[in-house]
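This report sets out what can be read from the model shown below, beginning with the protein surface that faces the nucleic acid and then turning to the fold as a whole.

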Amino acid sequence: MENARIEKIGHNIKYDALVLSQFDVWTEGVTFDTMIASYLLRADGRHNLDALAKEHLQFKKVSFDELTGTGKEHKPIREVALQALSDYSCEDADITFRLFELLKSRLAKEGMLNLGEDLEFRLIPVLAGMEKEGIAIDVEYLKTMSVDIAKLLKSLITDIHAMAGSEFNINSTQQLGDILFNKLGLPTQKKTKTGFSTDVGVLESLRHQHPIVDKLLEYRQFSKLKSTYIDALPELINKRTGRVHTSFNQTVAATGRLSSSDPNLQNIPIRTEIGRSIRKAFVPGAKGFLIMSADYSQIELRVMAHISGDEALSEAFRNKEDIHTTTAAKVFGVEPGDVTKDMRRKAKEVNFGIMYGIGPFGLSNRLEISQGEAKEIIAKYFERFPKVRQYINDTISSARSNGYVSTLLGRRRYLSDINDRNQNIRQNAERQAINMPIQGTAADMIKLAMIHIHGALSKAGLESRMLLQVHDELVFEIKKNEEKEMRALVTKHMQQSMKLDVPLEVDIGVGKNWLEAH
DNA sequence: GGATTGAGTCT
DNA sequence: GGAGACTCAATCC
């Protein structure tokens, strides 16, 4: 850490805070500014920092940039800190300190001080380390891909314009809608605020009405991947490190998940073939290293089994059954051996849908079945997994009376809309109530695992590093001769992060890029 | 130039 | 009319 500098690497404020926190005088103030305050304020969503500072301190918040002078040329940390000290009065530091105390006491009042001190605050240096480490990208590979896709797009554009009978901007939904629905006379469907929808759902349904539609779907997919990933990622490589440094945002998602930005490395494609080829660009940064990926298997369903205490669901996990097949057997009333692919596919949608508070209408849409059938399936599900229904009912009613829901570790989400008179708004809050404790507990668990893994790596003096978190997955760059130890260490800490009534399974893969590691 | 909208990517 | 995110391009102001 002695060479730490305030610069674009680890530009996320958490990293800068970590660096500055070496100087005692700033510790509380900076920690307050970047973490505790925003964490707490995001957690209840009722205030913003400026308003709070104004209300309690008659003082305007000093931004981090103002405090540190980031954005100036790179200076050694000591110099930056000393400069900041001379630029700002002791009074400012005192004020931030007093706000820290205020917010800390509120955390305590809401029962979240332990969550803060045992989990969130300890995660700060872990995330800072990951941001600073960055991940290597195979630029040559992406450049080649970019050229190939450009050719493909060019010919698609020519075809589309020819079929449309005129040249227009395919990226403009307005112009595309005009071509599709006015000029070509295709049947209109969903409307948006500004016109007719041309999204993938609409296009899929028009596929057999006009050959232009398939071309459009292809064009959309390729141009998205090209602009967002293939062309964007190489631009984001840090000149000094030669790697891409994301920011992991700790106080954005209402459920307690992390988010990732600049660039977002939590939504790198994987579903389609061309998407998967983008993952191959994520590689080890040096010879002798490999990429390792470790992901929780069905963590949210396991958390739901634990929280609800449903015996049938828990039993399925204890017996290491394929959960979607088991659900299919129970819902469709057949033996597990007789579950067809289609039944399993439907059961999978049901399993996820339940956690998101889906209704008959939603399920019927997703499965393309009648609402009556969907209603039957849902009823059968709750008959076979009765405690799940119980959990949903209990959670909503406790949200109504308390105004919030919480995870196993006490993380709260306030739901001010839970008693709204508007049915749409209220039901939306009810779905959030159902989902947050599940999604949030899973987030708590992987965060805990990350803290433990980070500690274990440094204790064991390993050269392998944790680079990314993607909600239920951790990505590492591992030294080849540490593979065995890393597999064991990571599996152990992920499995043991929290003791649930169901076992936790962790799948680990190693390869020479992120795709191969899956 | 910033904010909004529609679209698409992930878990 | 299932939960949670972020980014890009077009468009609006």
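## Residues around the DNA

In this predicted model, 24 residues surround DNA strand B, and those that come nearest are Thr 198, Arg 257, Asn 267, Ile 270 and Arg 271. Sorted by class, the surface near DNA strand B is made up of 9 polar, 8 charged and 7 nonpolar residues. Helix α11, which spans residues 212–230, supplies the largest share of that surface, with 5 residues.

## Contacts with backbone and bases

Where the atoms of DNA strand B lie within 4 Å of the protein, 83% of them belong to sugar or phosphate, while the rest belong to bases. On the phosphate side, a polar backbone atom of Thr 198 is 2.6 Å from a phosphate oxygen of DNA strand B.

Base oxygens of the strand are also approached by side chains: an N or O atom in the side chain of Asn 267 is 2.6 Å from a base oxygen of DNA strand B, and for an N or O atom in the side chain of Arg 257 the distance to a base oxygen is 2.8 Å.

## The protein chain as a whole

Chain A contains 22 helices and 10 strands, and of its 518 residues 49% are buried. Among the contacts in chain A that link residues at least 6 apart in sequence, 65% join residues at least 24 apart.

The accessible surface of chain A amounts to about 25,300 Å², and carbon and sulfur atoms account for 48% of that area.

Technical notes:
Residues numbered from 1 in each chain as written. Chains lettered and ligands numbered in written order. Predicted model: local features only at pLDDT ≥ 70, side-chain atom pairs only at ≥ 80, totals over all residues. Heavy atoms only, no water. Near = heavy atom within 4 Å. Polar contact = N/O pair within 3.5 Å; in protein donor to acceptor, adjacent residues only side chain to side chain. Helix = DSSP H or I, 4+ residues; strand = E, 2+ residues; numbered from the N terminus. Nonpolar A, V, L, I, M, F, W, Y, C, P; charged D, E, K, R; others polar. Buried < 20%, exposed > 50% of the residue type's maximum accessible area, 1.4 Å probe, protein only. Contact = heavy atoms within 4.5 Å. Areas by Shrake-Rupley, 256 points an atom, 1.4 Å probe, with all protein chains shown as cover.
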